[in-house]
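Colleague: I'm new to this structure and would like a close look at a single part of it. Could you walk me through the metal site and then follow the chain outwards from there?

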Amino acid sequence: MDNCIFCKIAAKQLPANIVYEDDELMAFKDIKPAAPIHLLVIPKKHISSLSDCNASHHELLGKMLALVPKLAAEHGIAPVGDETGPFSGGYKTLINTGPEGGQEVYHLHAHLLGGPRPWTLDR
Ligand code: 5GP
Ligand code: ZN
């Protein structure tokens with residue numbers, strides 16, 4: 001998709017701090033973190049928002065969501081109920097959808113926010 005920032009990151013035409021990549025997905029650090037750990041998980045293929053998803057996206061959405069706990073663990077956020085990691089108590093997973101949903105970048109992405117509060121997330 002022309003002029004889509006996240007498509008350009010997926011194509012490595014724009015730099016990003018990439019923390020995960022496979023054939024379908026990429027995860028990278030948010031450029032303006034709202035929490036000590038703030039990652040974005042995207043499909044490499046352009047999908048504008050969650051409102052464009054349907055049953056044909058079940059597998060992709062499942063993979064995106066299942067990647068979140070793996071990334072959280074890799075970034076020191078212990079599984080819920082486990083107090084052993086540097087960070088415990090869970091994390092927030094967020095998909096802003098549309099203007100009223102606070103979406104600014106129109107390429108589907110899931111936020112993973114975690115680490116010690118305070119956070120600057122106001123949504
Ligand atoms: P949204 O409001 O659309 O859910 O969130 C978009 C997020 O993308 C914001 O948290 C913003 O900081 C982040 N972001 C915007 N442009 C870039 C960029 O060029 N690189 C990275 N890594 N993050 C970006
Ligand atoms: Zn895109």
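Modeller: Let's start with the sequence pattern: the donor residues of the zinc ion (ligand 2) are spaced C-x2-C-x38-H-x60-H. Keep in mind that this is a predicted model. C7 sits in helix α1 (residues 5-10), while H107 is in the loop between β4 (92-94) and β5 (110-114), so this pair ties together parts that are 100 residues apart in sequence. Both C7 and H107 are buried.

Now zoom in on the ion itself. Its donors are the SG atoms of C4 and C7 plus the ND1 atoms of H46 and H107, at 2.0 to 2.3 Å. The angles subtended by these 4 donor atoms run from 105 to 116 degrees, which makes the arrangement around the zinc ion (ligand 2) tetrahedral.

From here we can move to the nonpolar parts. In soluble globular proteins, nonpolar side chains tend to be buried together. The largest nonpolar core here has 18 residues, and those touching the most other members are Y20, L25, V41, M64, L67, L71 and L112. At least two residues apiece come from β2 (25-29), β3 (37-43), α2 (58-74) and β5. Helix α2 gives the largest share, 6 residues. There is also a second, separate core of 9 residues, and two of the zinc donors turn up in it: C4 and C7 are among its members, along with I9 and I42.

Take L25 as a way into the surroundings of the largest core. Leaving aside residues up to four places away in sequence, L25 touches Y20, I42, P43, K44, L60, K63, M64 and L67.

One of those contacts, K63, leads us to the charged pairs. Side chains of opposite charge can pair when their charged atoms come close. K63 forms a salt bridge with E24, at 2.5 Å from N to O. Since K63 lies in helix α2 and E24 in the loop between β1 (18-21) and β2, the pair ties together parts that are 39 residues apart in sequence. K63 counts as partly exposed because its relative accessibility is 34%, and E24 counts as partly exposed at 31%.

K63 also meets E59 in a salt bridge, at 3.4 Å from N to O. These two both lie in helix α2, 4 residues apart, or about one turn of the helix. E59 is exposed, with a relative accessible area of 56%.

Elsewhere, K12, E21 and K44 are joined into one network by salt bridges that share partners. Within that network, the closest N and O atoms of K12 and E21 are 2.8 Å apart.

Definitions and conventions. Residues numbered from 1 in each chain as written. Chains lettered and ligands numbered in written order. Predicted model: local features only at pLDDT ≥ 70, side-chain atom pairs only at ≥ 80, totals over all residues. Heavy atoms only, no water. Donors = N, O, S within 2.8 Å, 3.2 Å for Na, K, Ca; no water. Tetrahedral: all angles 85-135°; square planar, octahedral: opposite > 155°, others 65-115°. Buried < 20%, exposed > 50% of the residue type's maximum accessible area, 1.4 Å probe, protein only. Core = buried A, V, L, I, M, F, W, Y, C linked by side-chain atoms within 4.5 Å. Contact = heavy atoms within 4.5 Å. Salt bridge = Lys/Arg side-chain N within 4 Å of Asp/Glu carboxyl O.
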